[in-house]
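Work through the exercises below with the structure in view. Each task is followed by a solution in steps.

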Amino acid sequence: MGFAVSGMHYAAMQGLVFSTHVGQHTGQGDASLDQIRLALAVAATTFVILFLASVAAMFDRRFAVLVEREATALRASEERFRTLYRMTPLPLHFLDSAGAIQQVSDAWLDLLGYARTEVIGRPLTNFMTEASTRQRIQSDWPKLAEQGFLENVEYRFVTKSGDFRDVVLSSRAERDAQGRLSGVLGGLVDVTARKHAEDALRQAQKIEAVGQLTGGVAHDFNNLLAVVLGNLELMRKRLPDDERSLRLLDNAVQGAKRGAALTQRLLAFARRQDLKPEPVNVATLVHGMADLLQRAIGPEVRIDVQFPLDLPKAQVDANQLELALLNLAVNARDAMPNGGTITIAAREQTDSLVRLNSAHPGGYVCVSVADTGEGMDEATLMRAREPFFTTKGIGKGTGLGLSMVHGLAEQSGGKLLLKSEKDRGTTAEVWLPIATTEVPPSIALHERREPEVLGSTSLGMSILVVDDDALVLSNTAEMLEDLGHTVLRASSGREALALLKGSSGVDLLLTDHAMPEMSGSQLVATVRSERPSMPVILASGYAELAADIPSNLFRLQKPFDQAALRRALDAQITIRDVNVIHFPVRQG
């Protein structure tokens, strides 16, 4: 281009014709020289301009490449940030100044079950319950706009499937150059499981508190029933043979016994009943009570029994297990007003899935009672084991059946598990520890219920009776005196020790367990240290004894009648005589 421009300029200059006039100096030679210089100058300038243009083009191209690289890097960074934001394991969201969702992480979507297209552009409050929405709009959003942050605010969100999620939300506000709210970054923490655990803990604490109260009330009520039954029994011996009087007395006795049965259920719920665990063949026990079960549930309900042949024995109180299965069967029958099937089954099970009791790390016998009835919803299932809670009509249930079964399982070292769905039936599983081959000494002792000779060895004894309840003390003494014994009375452990020091002719000690200052078990330990050969009977309504009490200590369950008291005396005298006979052999 430079050569073309200079050539054109030079050709034009050569094509010019200059005419001279008189008196004028043409300077033709100088003019030609100036034209050549001018052409060269123009050409040189053109080359310089072109060179500078080329250099500028090179820098422009360089800058363009750099800008493109920066733009590419920025787009990649933005994509990485967007990917990181979406793939983060935390449920995050970004809102605009109006509270509408602009971005959410995948964890946020997974938590609530929505697709990304279903949430972008919608207000966050659209996914909250009505109460949480009101709290967000009226209180929390203005506070966020003013303070610029919110920490650990609790809301309840609604998932796409309609379930609820309890969350804790923290937010940070973003502002523009003028200080106006431009966006909000927030994160959710799902605390639904924690809420359920807290509710379960509060429920367990409530049940435990009710259990403690129930156990104390039942123990006191047992004492009252012992007085009532004892005095009714003594009165019956002294009443004339009047048919009406005897009928009224029998009605009173039956009422007192029903009260005693109620207290046993209360004590079972409170896990304070006096159990006599032993190895029990559950299959044999269920088959033995088949007729009783069928009569209890009626002909409209069919019983299906399923037991494996190699089922191990369970360590449990056989009588209480029978009562528990009967309660579960009656509950199953009531859940099937139009008839159905009750399936009683058992299996050997480990507690690898659910740690039931660290004291029994081995296997369990799982006894289940399943029905095809109405079932329970989640809210009813959570309250099913509460004492006095029942879905039956007024007068049709005490609400203590499942509580009693729960208490029996817990006290036996197992657990009661309930599974139920509305209109799909209920399954109650009683987990019981597998029995050991050795029968504890206390069990062998209690099996000696009916001595062959009653009364001959236990007449005319001097018996020290200890009880802090004056009515129970008087009633027990009256029954013993009616049996022909001499009775010394003490209202406390310290008073009993003082009487023992002042009298060497006491043949037997009968003491209550739950007493102030010195419990019955502490009194027994003190007496045995001084008089190891003295027979001792510990009367108690429940099984909360000190760990150091010997397992072969004879116990008399309250409330007791005169016949049970007499059997206890005869059993203790028989055991004492046996011990005296074998004493030299053990020493030698």
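**Exercise 1. Find how β15 and β16 are joined, and name one pair of opposite residues.**

Step 1. Strand β15 (residues 508-512) and strand β16 (residues 536-540) run parallel and are joined by 4 bridges. Two strands pair if DSSP finds at least two bridges between them. Helices (H or I, at least four residues) and strands (E, at least two) are DSSP runs, numbered from the N terminus.

Step 2. T511 stands opposite L538 in β16.

Before going on, note how the values arise. The model is predicted: local features need pLDDT of at least 70, side-chain atom pairs count only at pLDDT 80 or more, and totals for chains, interfaces and linings use all residues. Residues are numbered from 1 along each chain as its sequence is written, and side-chain values use heavy atoms, with hydrogens and water left out.

**Exercise 2. Give the strand order of the sheet that holds β15, and name its edge strands.**

Step 1. The order in this open sheet of 5 strands is β14-β13-β15-β16-β17, with parallel pairing.

Step 2. β14 (486-490) and β17 (554-557) are the edge strands, each pairing on one side only.

Step 3. On average, neighbouring strands of this sheet are turned by 25° against each other, direction ignored. Axes are lines fitted to C-alpha atoms, for helices over the stretch in contact, and angles run from 0 to 180 degrees between N-to-C directions.

Step 4. Helix α14 (residues 470-482) lies across β13 (462-466), β14 and β15, and runs at about 170° to β14. Contact means heavy atoms within 4.5 Å.

**Exercise 3. Which residues of α16 are buried, and what do they pack against?**

Step 1. In helix α16 (residues 520-530), the buried residues are G520, S521, L523, V524 and V527. Buried means under 20% relative accessible area, exposed over 50%, and partly exposed in between (1.4 Å probe, protein chains only).

Step 2. Seen down the axis of α16, these residues fall within an arc of 155°, so they line one face of the helix. The arc is that of the directions from the helix axis to the C-beta atoms.

Step 3. S529 and E530, on the other side of α16, are exposed.

Step 4. The buried residues of α16 pack against β13, α15 (493-502), β15 and β16.

**Exercise 4. Describe the antiparallel sheet and its edges.**

Step 1. Here 5 strands form an open sheet in the order β2-β1-β5-β4-β3, paired antiparallel.

Step 2. β2 (101-104) and β3 (149-158) stand at the edges with a single partner strand each, so one side of each has no neighbour in the sheet.

Step 3. β1 (residues 92-96) pairs with β2 over 3 bridges, and L95 has I101 in β2 as its bridge partner.

Step 4. α5 lies across β1, β3, β4 (164-175) and β5 (181-190), at about 160° to β3.

**Exercise 5. How many aromatic pairs are there, and is the pair of F59 and F63 stacked, edge-to-face or tilted?**

Step 1. Rings of Phe, Tyr and Trp (its six-membered ring) pair if their centres lie within 6.5 Å; planes under 30 degrees apart count as stacked, over 60 as edge-to-face and the rest as tilted.

Step 2. By this rule there are 4 aromatic pairs. The ring centres of F59 and F63 are 6.2 Å apart and the planes stand at 40°, so this pair is tilted.

Step 3. F59 and F63 both lie in helix α2 (residues 28-87), 4 residues apart, about one turn of the helix.
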